[in-house]
Amino acid sequence: MIKSKYNVIGVMSGTSLDGLDLAYMTLMFKEHWTFKIHKAETIPYSENWSKRLRHIVNQPREVIDAINLDYTEYLGEVIQKFITVNTIDHLDAVCSHGHTALHQPDNGLTYQIGNHPKLAKLIEQRLVCDFRVQDVELGGQGAPLVPIGDRLLFSKYDYCINLGGFANISSEIDNKRIAYDICPVNIVMNRYANALGYDYDDKGMIAKTGVLNQELLHNLNQIGFYKEKPPKSLGLEWVDNTISPVLEESTLSDADILRTFVEHIALQIASSVNANTRVLFTGGGTYNDFLLERIINYKEFELIKPSHDLIEYKEALIFGLLGVLKLRGEINCLSSVTGANNDHSSGEIYYP
């Protein structure tokens, strides 16, 4: 039955491996969509899970399948605890992205672990998940998926930019939603912060102590992906095969690499937006003050940092919306964004 109000939990795990984001929300439709986030939490990954997920792309398929089952059990425990601790009842669904293990859309492959039907039984809730596979089968990139939420929930901004494992951008051009991955962000910067003994570069203070290396900056900016037209998306494999070799060949200090990579990100993001526009920034990278300073240095626009809940949980919020749209049989995946043959309603629905 089509309803006007839905209580759901959105679950998101990103490539930056910060942890598992959960957001309990109400989504309401009356002429247009509105939302309220009631409870939200990030569950940090244990050292063991961080290691398993970081290296999953290099594992044979049978090992990934085994990790998928373990990760499904882990998701079940985390989601069930979130429901119990927050005394949540009367849920319409849990809407989960899973965690991307493999993403090679040009080869017709995308694989998100944790989207096993067993999860619905573990949490005793209706489950909507596995949103990328159908899009790839329809010739699309399977990503990004968030832009439908940008259109329906955040249309007052000219651009929505998320600074997570990757920077991705979404905007309306000629009545079409256009979105794509811009460049890596935390997936690279966290590695170098980790090497220096930190979980991440707080406010960009480590990068700020480094020296900008023009040769490395030039080499990064010359990478072919940046000259491609959207739709286009990035994955961990691309970082390992394309970005990491360039950084490792530089033989610079970790601080100098961080400083130079911040400049690279700033240049790529600034070149993706027009001046004198309103740009909503979300994702963990939004707390990197030095990065934001460098972006504004290259392009003058209104940079909007929203509430903590939106910075941290916008993607979990939108995956909640994706699940609700799937339940309603409505479009939740835009061909103008992914390059698929047509707009479609993507995802699988499982019952306990």
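Over the ring of which residue does the charged end of R52 sit? The charged end of R52 sits over the ring of W49, 4.7 Å from its centre; a charge counts as sitting over a ring if NZ of Lys or CZ of Arg is within 6 Å of the ring centre and within 35 degrees of the ring normal. The structure is a predicted model, in which local features need pLDDT of at least 70 and side-chain atom pairs count only at pLDDT 80 or more, whereas totals for chains, interfaces and linings use all residues. Residues are numbered from 1 along each chain as its sequence is written, and side-chain values use heavy atoms, with hydrogens and water left out.

One open sheet consists of 6 strands in the order β3-β2-β1-β4-β7-β13, and its pairing is mixed. Strands (E, at least two residues) and helices (H or I, at least four residues) are DSSP runs numbered from the N terminus, and two strands pair if DSSP finds at least two bridges between them. The edges of this sheet are formed by β3 (32–43) and β13 (348–350), each of which pairs on one side only. From one strand to the next, the twist averages 25 degrees; axes are lines fitted to C-alpha atoms, for helices over the stretch in contact, and angles run from 0 to 180 degrees between N-to-C directions.

Within this sheet, β1 (residues 5–13) and β2 (residues 20–30) are antiparallel and share 9 bridges, with L22 in β2 as the bridge partner of V11. Strands β1 and β4 run parallel and are joined by 4 bridges; here G10 stands opposite C95 in β4. Parallel pairing also links β4 to β7, over 3 bridges, and C95 stands opposite V128 in β7. In a regular strand the side chains alternate between the two faces of the sheet. In β4, A93 and C95 point one way and V94 and S96 the other way, and all are buried, where buried means under 20% relative accessible area, exposed over 50% and partly exposed in between (1.4 Å probe, protein chains only).

Two helices lie across strands of this sheet. Helix α2 (residues 61–85) lies across β1, β2, β3 and β4 (93–96), at about 60 degrees to β2. Helix α12 (residues 308–327) lies across β1, β2, β3, β4, β7 (127–129) and β13, and runs at about 55 degrees to β2.

A further open sheet has 5 strands in the order β10-β9-β8-β11-β12, again with mixed pairing. Its edges are β10 (176–184) and β12 (302–304); each has a single partner strand, so one side of each is left without a neighbour in the sheet. The twist averages 20 degrees from one strand to the next. Strands β8 (residues 159–163) and β11 (residues 278–282) run parallel and are joined by 4 bridges, and C160 stands opposite L280 in β11. Helix α10 (residues 254–270) packs on the sheet, touching β8, β9 (166–173), β10 and β11, and its direction makes about 165 degrees with that of β10. Contact means heavy atoms within 4.5 Å.

Two buried polar residues were also examined. R294 is found in helix α11 (residues 289–298) and counts as buried because its relative accessibility is 18%. Leaving aside neighbours within four places in sequence, R294 is in contact with R259, V262, E263 and A266. Its side chain makes a polar contact of 2.7 Å with the side chain of E263; such a contact is a pair of N or O atoms within 3.5 Å, and within protein one must be able to donate a hydrogen and the other to accept it, residues adjacent in sequence counting only if both atoms are side-chain atoms.

Q112 lies in strand β6 (residues 109–113) and counts as buried because its relative accessibility is 3%. Not counting residues up to four places away in sequence, Q112 touches H97, H99, T100, A101, L102, D130 and R132. The side chain of Q112 makes polar contacts with the side chain of T100 at 3.3 Å and with that of T110 at 2.9 Å.

Across the whole structure, 12 aromatic pairs are found. Rings of Phe, Tyr and Trp (its six-membered ring) pair if their centres lie within 6.5 Å, and planes under 30 degrees apart count as stacked, over 60 as edge-to-face and the rest as tilted. F225 and Y226 form an edge-to-face pair, 5.9 Å centre to centre with 80 degrees between the planes, and both residues are buried. Y45, W49, Y71 and Y74 form one aromatic cluster. Elsewhere, the charged end of R328 sits over the ring of F29, 5.4 Å from its centre.
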